[in-house]
Amino acid sequence: MRLDKYIANSTALSRKQVHRAVKSGEVCINGKAVSKFSLTVAEGDKVTLDGAEIKRPGPRYFMLHKPKGYVCANKDEEHGTVIDLIHEVNSDKLQIAGRLDIDTSGLVLITDDGQWNHRVTSPKKHCEKVYHVVCAEKIDPSCIEQFKQGVQLESESQLTLPASLSIEEPGTQASLCIVEGKYHQVKRMFAAVGNHVNELHRHSIGSITLDPTLAEGEYRPLNTAEINSIL
Ligand code: URA
């Protein structure tokens, strides 16, 4: 990787600021001051800026407890975004692995690893997402079978893939596990059976469960087991 990209991707410095730092001799590779920002940083090279080591920019993975009222986007004119809640350098490079609606809360995975993101979100990967749902009306027990068989969503050509519904007492709440991520999927599934979702919260994605110690708006890096659990 080019030296200027290496530093810009690992720090809050812009490319211009990196170029200045290199030109003024503040940057060393393996202890030797360098003057060319176009140099290549090889595997195992130690890069320092003002004596402090700059670690190779690696892929980053976070879980966020999304509050209602935030949009799953990198930028928005009107609302706060989930990326605004991630206080990390180069947060503009982060991607959202599976969006939630503005009025949905719960687990959002955020990364700059495009392939990992694809494995979370591709319908072909059948990654399970579990939601807690509060409906306006009592959920008819026949929905368990209907969701298992697949329901017809408006303006979709195919039935939804088999989903597992578990109704909770007193009957307006449920846990729903789906393996797709169609636009407004959970709300549209309940609409298809004549109900309405009042509250929606995502609890887990694959075997990654929302950390109960995270308050709304808080996030933490994923641990290695969580990262590797997405196959
Ligand atoms: N399904 C929905 O309808 N909304 C979400 O935010 C997530 C899944």
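Colleague: What makes the backbone of Val186 a polar contact of the ligand?

Modeller: A nitrogen atom of the ligand lies 3.1 Å from a polar backbone atom of Val186. A polar contact is a pair of N or O atoms within 3.5 Å, so this pair qualifies. The model is predicted: local features need pLDDT of at least 70, side-chain atom pairs count only at pLDDT 80 or more, and totals for chains, interfaces and linings use all residues. Residues are numbered from 1 along each chain as its sequence is written, and side-chain values use heavy atoms, without hydrogens or water.

Colleague: Which atoms pair up at Asp101 and Lys187?

Modeller: At Asp101, an N or O atom of the side chain is 2.7 Å from a ligand nitrogen. At Lys187, a polar backbone atom is 3.0 Å from a ligand oxygen.

Colleague: How much of the ligand does the protein bury?

Modeller: 96% of the 240 Å² that the ligand exposes when taken alone. The areas are Shrake-Rupley values with a 1.4 Å probe.

Colleague: Why are Thr104 and Tyr131 listed around the ligand?

Modeller: Each has a heavy atom within 4 Å of the ligand, so each counts as near. The others are Leu100, Asp101, His184, Gln185, Val186, Lys187 and Leu200.

Colleague: What is the make-up of that shell?

Modeller: Four nonpolar residues, three polar and two charged. Tyr counts as nonpolar and Thr as polar. Helix 5 (residues 185-192) gives the most, with three residues.

Colleague: Which domains supply the shell?

Modeller: Domain 2 (58-123 + 212-231) and domain 3 (128-205) each give at least three residues. These bounds come from an automatic or database assignment. Domain 1 covers 3-54, and its C-alpha centre lies 51 Å from that of domain 3.

Notes
A polar contact is a pair of N or O atoms within 3.5 Å; within protein, one must be able to donate a hydrogen and the other to accept it, and residues adjacent in sequence count only if both atoms are side-chain atoms. Helices (H or I, at least four residues) and strands (E, at least two) are DSSP runs, numbered from the N terminus.
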